[in-house]
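Biologist: I'm new to this one, so could you take me through a single part of it up close? Pick the nonpolar core, and start with the whole chain so I don't get lost.

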Amino acid sequence: MSPSRRSPAPDKACIEAVDLARSAAVEIGRPEWVGEHLSAYVEGDRVVTHLFACLDPAYAGWRYAVTVVRAARAKKVTVNEAVLLPGSEALLAPQWVPWKERLRPGDLGVGDLLPSADDDDRLKPGYAQVPDGELEEEGLDRQMVWELGLGRPRVLSETGRETAAQRWYDGDGGPRSAIANAAPAPCATCGFLTPLAGEFRQMFGVCANEYAPDDGRVVSLDHGCGAHSEASQRSAPAEAPLRPVVDELGYDHIVFDDTSELELVSSDS
């Protein structure tokens, strides 16, 4: 076992060199920006860092840190480093994030290049997609189902296919969008649907209807819209025939000038 590392002993000359440290802080700032002496901590043998408050309004919460050092068997203390460091209340920029993690869909513009990493788990070598046998158990041609990748160094891996399928299915071209819920029928029965190749064919296709909102986009088979090829025009409901209005409650008072005919009718009855 290695012996425990001892704590460095505080050097009296370095701790007392407050004025020397303040003059170094003034050189990297301004005299009115260097505030009170906050603390001093031992960095190592004969190495001490002095902290001063920063009064610059642009750097609220920051500290001037001046490190002084004294060589072995020397009496004079010298300045080793003077920097401006953030304190616990300092306003800092967000933590740096690699560009691959900052990138979002739609950020790629005209002339931009987006190279794929060698270890991208969405891709794998094209030869790895070649089927092991000519036919599946049910006799289907695997070359019509699997992506061979001939002529391309890399093709989609299982991870790449699954993430893409999940993203498309959960997007606007999936079955949960508002336009799909109001559609008369799913895209699977639409004549404008062009199925994709490979395993995607089982769930997705491309809309080829120029009047549809998803023209040229990937849609799921259970997606839909009002531009379905078999959608029929809704006919207006037939109106009920008008019936004559008969007033059975009221009556009209009729006055006859000649009442002889009425007397004959009443006598016959």
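Modeller: About 20700 Å² of the chain is exposed, and carbon and sulfur atoms supply 54% of that area. Keep in mind that this is a predicted model. Of the 269 residues in the chain, 24% are buried. The chain has seven helices and nine strands. If you take the contacts between residues at least 6 apart in sequence, 48% of them join residues at least 24 apart.

Now for the core. The largest nonpolar core has 15 residues, and Ala-25, Phe-52, Tyr-64, Val-66 and Val-68 are the ones with the most contacts inside it. Three elements each supply at least two residues of this core: helix H2 (18-28), strand E2 (47-54) and strand E3 (62-69). Strand E3 gives the largest share, four residues.

So let's stay with E3 for a bit. Six of the eight residues in E3 are buried, so you can call this strand mostly covered. E3 also has strand partners. E2 pairs with E3 in the antiparallel sense, over seven bridges, and in that pairing Val-48 stands opposite Val-68 of E3. Strand E4 (residues 78-86) is also antiparallel to E3, and eight bridges join the two. Here Tyr-64 stands opposite Leu-84 in E4.

If you want one residue to click on, try Val-66, which is among those with the most contacts inside the core. Leaving out residues up to four places away in sequence, Val-66 touches Ala-21, Ala-24, Ala-25, Val-48, Thr-49, His-50, Phe-52, Val-79, Glu-81 and Ala-82. There is also a second, separate core of five residues, including Ala-164, Ala-165, Leu-196 and Phe-204.

Before you leave, have a look at some nonpolar side chains on the surface. Trp-99, Leu-103, Leu-108 and Leu-114 make a nonpolar surface patch of about 360 Å². Trp-99 sits in helix H3 (residues 99-102). Why does Trp-99 count as partly exposed? Because its relative accessibility is 38%, and that class lies between the cut-offs of under 20% for buried and over 50% for exposed.

How values were computed. Residues numbered from 1 in each chain as written. Predicted model: local features only at pLDDT ≥ 70, side-chain atom pairs only at ≥ 80, totals over all residues. Heavy atoms only, no water. Patch = residues over 30% accessible without salt bridge, like charges linked within 9 Å, V, L, I, M, F, W, Y side chains within 5 Å. Areas by Shrake-Rupley, 256 points an atom, 1.4 Å probe, with all protein chains shown as cover. Salt bridge = Lys/Arg side-chain N within 4 Å of Asp/Glu carboxyl O. Buried < 20%, exposed > 50% of the residue type's maximum accessible area, 1.4 Å probe, protein only. Core = buried A, V, L, I, M, F, W, Y, C linked by side-chain atoms within 4.5 Å. Contact = heavy atoms within 4.5 Å. Pairing = 2+ DSSP bridges.
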